[in-house]
Amino acid sequence: MIGLVVVSHSRALAEAAVELAGQMVAGDDGPRTRIAAGLDDGSLGTDAAAVADAVADADSGDGVLVLLDLGSAVLSAEMALELVDPDVAARTRLTAAPVVEGLVAATVAASVGGDLAAVAREAEQGLLAKREHLSPDGAPDAEPAGGSSDDGPASADARTEVEVTAPHGLHARPAALLVRTLAGHDARVRVRNLTSGRGPVDGSSLSAVATLDARRGHRLELTASGPDAARVLEAVDDLAQHQFGDRPPPPTTPPTARGSGLDVAIGPAVVVDTSVDVSDYRAGDPGAEQQRLDRALRAATDQIGALAETADQPATAAILDAHRALLADPALLEPTRAAITSGSSAPEAWTATADEVHRRFAELPDAYQRGRADDVREVRDRVLAALVGRPGTEAPRPDAGGILVVGTLDAARAAGLDPSSVGGVVTRRGGTTGHGVLIAQARGIPLLADVGDVAIHDGDLLAFDARTHRLLVRPDDDQRAELEQLIEARRHEREQAEAAAGDPVVLGDGSAVHVVANVGAATDANGLGESGADGIGLVRTEVLFADLPELPSVEQQTAAFLDLARAVDGPVTIRTWDVGADKPLPFLAIAPEDNPFLGARGLRVFRTGPEPLVQQLQAVCRAAREAPVRVMFPMVSRPDEVDWALARLAEAGDREGGVPLGLAVGAMVEVPAAALRVAEVARRLSFVSIGTNDLTQYVMAAGRGNEAVQDLLDPADPAVLRLVALVCDEVGPGVDVAVCGDAASRPEVAARLVALGVRELSVSPPAIPLVKAALRGQ
């Protein structure tokens, strides 16, 4: 791939241009781009030796394009070519292209395999779109890159029309995604803006596509010729359906209603069977079945889109968007279409494929990954409902005070409930970490999960206390009175806790306890300020980026970390990739293991291939220069593993001009060996964070995903607490001790942890006020 070098008098200008251009490509698909900008003392200027080093570093053998800002930058670059190897100089080209627009165009052109001449041509046409847009008569004053505005190939093999659905039209990022999509096929595509009459232009040229001035609502005509003509236009149709990758942010309107926020409820049961009966379905030929599947997918997509647009919380809208993405997932669509071609009906093929994907998620030991099985099941049922002509899968809304009883609660059903009227929800299975459960809890709806096959009939009076997992079916008068009193007590308790949520926790001895939040998805950070969070104690980066098909770039990760930092007043602790065979990611290949909990997990995964870890640490370094960011390493067992991780941090710092001063570095204590040797493990660290979920399963020899041994997984077991006490006693002076497992979210357990010496608790956001209140009582 062609390398790029930016020569500028201002390093800040060059870094900003590179960051902008990096947003045009996904993950590490972009070209090797280097900066030679500013002088060593931080002042403005250019240095020929620095330019020579940048050119040599950017060269991969295919050529280097150098973009420059002002006159002396040209002189420095010309002198630099005399300092580099003659072979490198021979394949290096200086361009008069504008730095910002030229770099954006060159980045996209290089990422799709353009040679040096093509990349330079794209860069030099970078101002075409702006010139054309701002010219007095609206006419171009230069021929668009990629060819003249003729009628395109006379013998086009395929044609389609799409509407520009991106909220702001085909600006830089959506246009770059369109160009990359076209470049991935063996076809020549020309694009015309039917609304404005501009074009046609070569679809492989970002500069040319930009001249179309395609705005939201404009219609584009695409004609294609070549072996992949039909497939490339199908890909464009799909891109248009997904707003050219540029969906607007979720609605920010305030919630219209909120439930009680309690964990106790009384009301009549509304029992709902949400299964879909397809027994009367009559299949047609494979062609007809493919068409029925397409219609059902479109209907399901529209239904979920409507729910997302009316969602009363950004987190809910984001989860529903993930459901919508599943409907376009090749892992679901390709096997289904293949089965239909082989003679299966659409419901049979879709169910078989979705159930296999569901099974793979459901068998994962990690609770957060396992919760995605519910998403697959919900999407499965929604498409089946559309195939048999049902309008959707939302459960009936209970009358005021009614308690919905369902097998599992998925995100769409949870989003459709009215928090101001529903009395509560009872699920028979599905756990406490599924998206539907989390949405209901975030909306303040009382919920009791996993009651099993208890006999409950429609209209039965139900009462439950989720805190003690107590369910009463048809309670007597005394039991009902007891639960009603409990409701009033809990309501008063929560009101007081929420009123004081922003106040610090100071113990009787004057020491402070920080109650911070666990965060997975970026939307988890919404409302943290109101919750009273003192910061973010655990960013699960493997969850934060789980929906991406490829490794996020340094720029993407930096932006995500800074977004989280802006959402809360306090430090943000980034846990590096915590992956393994039990929770793989699409962009990190991990071999299957018989016992993934005892295999290559967390830090161990990267010992043989550290680059993804180093890139993440680069993002940490960048973010730490702008916000109070900390970093910690998971799955540490021995001191030498900490030494290795710190060496990788130093390597990342070398790429970023040094590790920021004051960056706090810690490690997870989730392996008994690390707890027993904590003084050695923590000798070079600022803090340790005890992961009670994994520590408990290792101490009790009970797998987190095994329902048969769930009763052993008690983080308050004396053996687990003894190890917590040992860590607090032996960690060494100046090293803080935190807990980031689920135990910290239980107020009664949190108080015991603090009594042992823990001074930071990272908990689920809804639990923060109650945990703080419990600690103030000590």
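**A walk from a pocket to two sheets**

Helix α1 is the top contributor to the lining of the second largest pocket, giving 7 residues. Keep in mind as you look around that this is a predicted model. The pocket itself has a volume of about 1,600 Å³, and 48 residues line it. If you want to put a marker at its centre, the residues nearest that point are T33, R34, E555, R622 and E656. Apart from α1 (11-22), the elements giving two or more residues to the lining are β2 (33-37), α2 (48-58), α5 (99-111), α22 (554-566), α23 and α24.

Let's follow one of those elements, α24, away from the pocket. This helix covers residues 639-655, 17 residues in total. What span should it have at 1.5 Å a residue? The expected figure is 24 Å, and the end C-alpha atoms sit 25 Å apart, so the two agree. Along the helix, the buried residues are P639, E641, V642, W644, A645, L646, R648, L649, A652 and G653. Those buried positions pack against two helices, α23 (611-624) and α26 (678-681), and against two strands, β19 (629-633) and β20 (665-669). After α24 comes G657, with a positive phi near 80°.

Now jump back along the chain to an open sheet of 4 strands, ordered β5-β8-β6-β7, with antiparallel pairing. At the edges you'll find β5 (158-163) and β7 (201-202), each of which pairs on one side only. Helix α10 (residues 229-241) packs on this sheet, touching β5, β6 and β8, and its direction is about 5° from that of β5. Inside the sheet, β6 (residues 188-193) and β8 (residues 219-225) run antiparallel and are joined by 6 bridges. To find one of them, look for N193, whose bridge partner in β8 is L220.

There is also an open sheet of 6 strands, and here the pairing is mixed. Read across, the order goes β12-β11-β10-β9-β13-β14. The edge strands are β12 (447-448) and β14 (470-473), each pairing on one side only. Strands β9 (residues 264-271) and β13 (residues 461-465) are antiparallel, with 5 bridges between them. V264 is a handy place to start, as its bridge partner in β13 is D465. Which helix lies across β9, β13 and β14? That's α19 (residues 477-499), running at about 120° to β9.

Key:
Residues are numbered from 1 along each chain as its sequence is written. This is a predicted model: local features need pLDDT of at least 70, side-chain atom pairs count only at pLDDT 80 or more; totals for chains, interfaces and linings use all residues. Side-chain values use heavy atoms; hydrogens and water are left out. Two strands pair if DSSP finds at least two bridges between them. Contact means heavy atoms within 4.5 Å. Axes are lines fitted to C-alpha atoms, for helices over the stretch in contact, and angles run from 0 to 180 degrees between N-to-C directions. The expected span of a helix is 1.5 Å times one less than its number of residues. Buried means under 20% relative accessible area, exposed over 50%, partly exposed in between (1.4 Å probe, protein chains only). On a 1 Å grid over the protein atoms alone, a cavity is a set of points where a 1.4 Å probe fits but cannot get out, and a pocket is an open set with protein on both sides within 12 Å along at least five of seven lines; lining residues have an atom within 4 Å of a point. Grid points are joined across faces, edges and corners, and a volume is the space filled by probe spheres set on the points.
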